[in-house]
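Got your viewer open and ready to click around? Let's take a short walk through this structure, one selection at a time.

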Amino acid sequence: MIRRGRRTAVRCAVPVTVLTLTLAAAGCGIRGTSVPVDAGGAPSRVSCHAPGAGAVTAAGAEQVAVYLVCGSALVPVERQVARPQAAPGAAVRLPVARVLLAELQKPPTPDETRAGFSTAMPGTLRVDGPRAGDAPEALRLSAEPDDLPSFALAQLVCTYARSAALGRTGGALLGGPGPAAAHRYDCSPDVQADPDAAQHAGWGDPQSEES
């Protein structure tokens, strides 16, 4: 083995001319790097710049922020929605929650799509108000929150958490259709940057500490 290694080294010795240098390098398994390699076009980039910001609000409408997926994170996008016909307070919470959910279920607009936005929200999801024994701010979904796709859960939590009509509480108190108590989910910077974390963002104790 040692002798064969030496003979190989001799064959790969410094050549006399540039041409033999190239041939020797190929024979020794060395790939030349002087010529650039075309690996194809660079991957396309999306702006994640939320369109529609600063648009004039139509009569009878209001601006709301909904959180859409862009890349691997959540980014707020301004949408115009019809103003709920209910007095401020508990009576308006459920209409607002339903409007916001419907916005998350809509396909992104052409401008939003070009900017790289998408939504993971299932179109079949529904939301209702609290049941007996729930805290007043609780919302009941037609599916268990932890059964939702992680991006969808994060979108819903952050959209509800940042809603002025829902109190801008920084989180959402969500339950499912079953008997289990509602749990609070927090819209933290970590959840916005990594929506997969939303499935682990529920507080350990059922119900909100505010209840």
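Start by selecting Cys70, which is buried, with a relative accessible area of 4%. On this tour, buried means under 20% relative accessible area, exposed means over 50%, and partly exposed is in between (1.4 Å probe, protein chains only). Before you click on, keep in mind that this is a predicted model, where local features need pLDDT of at least 70, side-chain atom pairs count only at pLDDT 80 or more, and totals for chains, interfaces and linings use all residues. Residues are numbered from 1 along each chain as its sequence is written, and side-chain values use heavy atoms, with hydrogens and water left out.

**Stop 1: the partner of Cys70**

Now add Cys48 to your selection. A disulfide joins Cys48 to Cys70, with an S to S distance of 2.0 Å. The term disulfide stands for a pair of cysteine sulfur atoms within 2.5 Å. This pair links distant parts of the chain, 22 residues apart: Cys48 sits in the loop between helix H2 (18-27) and strand S1 (61-70), and Cys70 is in strand S1. Helices (H or I, at least four residues) and strands (E, at least two) are DSSP runs, numbered from the N terminus. Is Cys48 buried or exposed, or something in between? Cys48 is partly exposed, with a relative accessible area of 25%. Look along the S-S bond too: the torsion for Cys48 and Cys70 is about -90°, so this disulfide is left-handed.

**Stop 2: strand S1 and its neighbours**

Select the whole of S1. Seven of its 10 residues are buried, so S1 is largely enclosed by the rest of the structure. Next, add strand S2 (residues 73-82), which pairs with S1 in the antiparallel sense over 10 bridges. Two strands pair if DSSP finds at least two bridges between them. For a spot to zoom in on, try Val66, which stands opposite Val77 in S2. S1 and S2 form a hairpin with two residues between them, and Gly71 in the turn has a positive phi of about 65°. While you look at the strands, remember that in a regular strand the side chains alternate between the two faces of the sheet.

Which strand joins S1 through two bridges? Strand S3 (residues 117-118) does, running antiparallel to S1. Go back to Cys70 here: its bridge partner in S3 is Phe117.

**Stop 3: helix H3**

Select Glu103, which lies in helix H3. Glu103 is buried, with a relative accessible area of 6%. Leaving aside neighbours within four places in sequence, Glu103 is in contact (heavy atoms within 4.5 Å) with Val66, Arg79 and Val81. You have already met Val66, the residue opposite Val77.

Then move to Arg93, also in helix H3 (residues 90-105). What does Arg93 lack, although it is buried? Arg93 has no salt bridge, and the nearest side chain of opposite charge, Glu137, is 6.1 Å away. A salt bridge needs a side-chain nitrogen of Lys or Arg within 4 Å of a carboxyl oxygen of Asp or Glu. For charge, Lys and Arg count as positive and Asp and Glu as negative, while His and the chain ends are not counted. Now show the backbone as well. The side chain of Arg93 reaches the backbone oxygen of Glu137 at 2.9 Å, and the backbone oxygen of Leu166 lies 3.1 Å from a polar atom of that Arg93 side chain.

**Stop 4: another disulfide**

How many disulfides are there in total? The count comes to two. For the other one, select Cys158 and Cys187, whose sulfur atoms are 2.1 Å apart. This pair also links distant parts of the chain, 29 residues apart: Cys158 is in helix H5 (residues 150-161), and Cys187 is in the loop between strand S7 (183-186) and helix H6 (189-193). With 100° about the S-S bond, the link of Cys158 and Cys187 is right-handed. Cys158 is buried at a relative accessible area of 0%, and Cys187 is buried at 3%.

How values were computed
A polar contact is a pair of N or O atoms within 3.5 Å; within protein, one must be able to donate a hydrogen and the other to accept it, and residues adjacent in sequence count only if both atoms are side-chain atoms.
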